[in-house]
Amino acid sequence: MPKSWTLDDMPSQKGRTILITGTGGLGFEDALALAQAGADVIIAGRNPIKGADAVRRIKERSPQASVTLEIVDLGSLASIEALAKRLKETRDHIDVLINNAGVMTPPTRQTTKDGFELQFGTNYLGHFALTGHLLPLLMRAQGSRVVTLSSIAVRSANVAINFDDLQAEQNYKPMPVYSQSKLAGLLFAFELQRRSEEAGWGVTSIAAHPGISRTDLLHNGPGRRSAQGLLRSFMWFLFQPVAQGALPTLFAATSPKARGGGYYGPDKLGETRGHPTDAQIPRQAMEKHVAHRLWENSEKLTGISFDAQVPQELSGLDKTTIRREG
């Protein structure tokens, strides 16, 4: 990219419906910027109090903003399905889905309502299921995008998908399990793009990461008194502002220059801070056989078949023939 991309470069989002998972941190900054650009924003989160506060804060800063709250627990397949059902009843399309919400490094192994390890289940499987359920609404939009958040944590050579212990039942270590969940998201983003192109779904899949940003993830995970929490508290100057960390996601969601199958992150200090640029793709994220196997495992675990979600009337049709006016 020849120059530093900022919010001033974001095209108008008027007429676009954008769903973002997560009510705080990066999700809030995404929602604020997109609402200010004219999008009809849906914030999807687990905590109704935090969600309502996010909506209130956005409307305080931008009174004309169109922003609503939907409740979803990404650790519950039933909750995800219920959200998708409500959206299908109230919306005729979704232009952008931003798979943002996440859980980071709880000190002891925890599980979702469906029995998945919490980080893998929430960060990855929950978003896999949500994307599958919303595929019909994404297909009904012209130029729809799915943006999935990964992390620079996946760049370690030791990070891999452990198919023999996907749920970390045998060996739970907080950071490696977190890194696996974010690698899974990156593999999913690339595989979704390949499958969309092959099947003609018309959905563009892009990945992004925020570098190192001052979100609440470190404090909410291992806690303020952990090594990570103390680093976040006392070495705060190493972390860029959350609004800056949101830029790669916003670039991926809105820029005409963002490519399907692309991966974007900050451009300075080893991708820890700065403005959006092409991110380094780790070798293990480019292994198509791993992505294919992970996809098949994910469909079995979640009970979601993407092919089965494609509406019959849209199957095999040119997207330009099904786009509504406006």
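This passage walks through the fold, two helices, a hairpin, the aromatic pairs and a few single residues of a predicted model.

Residues are numbered from 1 along each chain as its sequence is written, and side-chain values use heavy atoms, with hydrogens and water left out. Because the model is predicted, local features need pLDDT of at least 70 and side-chain atom pairs count only at pLDDT 80 or more, while totals for chains, interfaces and linings use all residues.

To start with the overall picture, the protein holds 11 helices and eight strands. These elements are DSSP runs numbered from the N terminus, with helices being H or I of at least four residues and strands being E of at least two. Of the 326 residues, 56% are buried; here buried means under 20% relative accessible area, exposed means over 50%, and partly exposed is in between, with a 1.4 Å probe and protein chains only. Among contacts with a separation of 6 or more, 75% are between residues 24 or more positions apart, a contact being heavy atoms within 4.5 Å. The accessible surface adds up to about 14,200 Å², and carbon and sulfur atoms own 51% of that. Those areas come from the Shrake-Rupley method with a 1.4 Å probe, and for residues only the protein chains shown count as cover.

Helix α1 (residues 25–36) has 12 residues and runs 17 Å from its first C-alpha to its last, close to the expected 16 Å at 1.5 Å a residue. The expected span is 1.5 Å times one less than the number of residues in the helix. With 10 of its 12 residues buried, α1 is largely enclosed by the rest of the structure. Among the buried ones are Phe28, Glu29, Asp30 and Leu32. The packing partners of these buried residues are β1, β2, α2 (48–61), β4 (96–99), α8 (242–245) and α9 (247–254). After α1 comes glycine 38, with a positive phi near 105 degrees.

Helix α3 (residues 77–90) also fits expectation: its 14 residues should span 20 Å at 1.5 Å a residue, and the end C-alpha atoms are 20 Å apart. Leu77, Ser79, Ile80, Leu83, Ala84 and Leu87 are its buried residues. Looking down the axis of α3, these fall within an arc of 165 degrees, so they line one face of the helix; the arc is that of the directions from the helix axis to the C-beta atoms. Ala78, Lys85 and Glu89 sit on the other side and are exposed. The cover over the buried residues of α3 includes β1 (17–21), β2 (40–45), β3 (66–71), α4 (118–139) and α10 (288–302).

Next comes the hairpin. Strands β7 (residues 263–268) and β8 (residues 273–278) run antiparallel and are joined by four bridges; strands pair if DSSP finds at least two bridges between them. Lysine 268 stands opposite arginine 273 in β8. Four residues separate the two strands. One of the turn residues, leucine 269, has a positive phi of about 50 degrees although it is not a glycine, and at 63% relative accessibility leucine 269 is exposed. Threonine 105, in the loop between β4 and α4, is likewise no glycine but has a positive phi of about 45 degrees. Threonine 105 counts as buried, at 1% relative accessibility.

As for aromatics, rings of Phe, Tyr and Trp (its six-membered ring) pair if their centres lie within 6.5 Å, and planes under 30 degrees apart count as stacked, over 60 as edge-to-face and the rest as tilted. That rule gives 12 aromatic pairs. Tyrosine 124 and phenylalanine 128 make a tilted one, 6.0 Å centre to centre with 55 degrees between the planes. Both are in helix α4, four residues apart, or about one turn, and both are buried. Tryptophan 295 and phenylalanine 306 form another tilted pair, at 4.6 Å and 55 degrees. This one links helix α10, home of tryptophan 295, to helix α11, home of phenylalanine 306; both rings belong to buried residues. One aromatic cluster takes in Phe120, Tyr124, Phe128, Phe188, Trp201, Trp295 and Phe306.

Two more residues round things off. Glutamine 180, in helix α5 (residues 174–199), is buried at 6% relative accessible area. Neighbours within four places aside, glutamine 180 is in contact with Phe120, Val159, Ala160, Ile161, Asn162 and Leu166. Aspartate 307 in helix α11 (residues 306–309) is exposed, at 54%.
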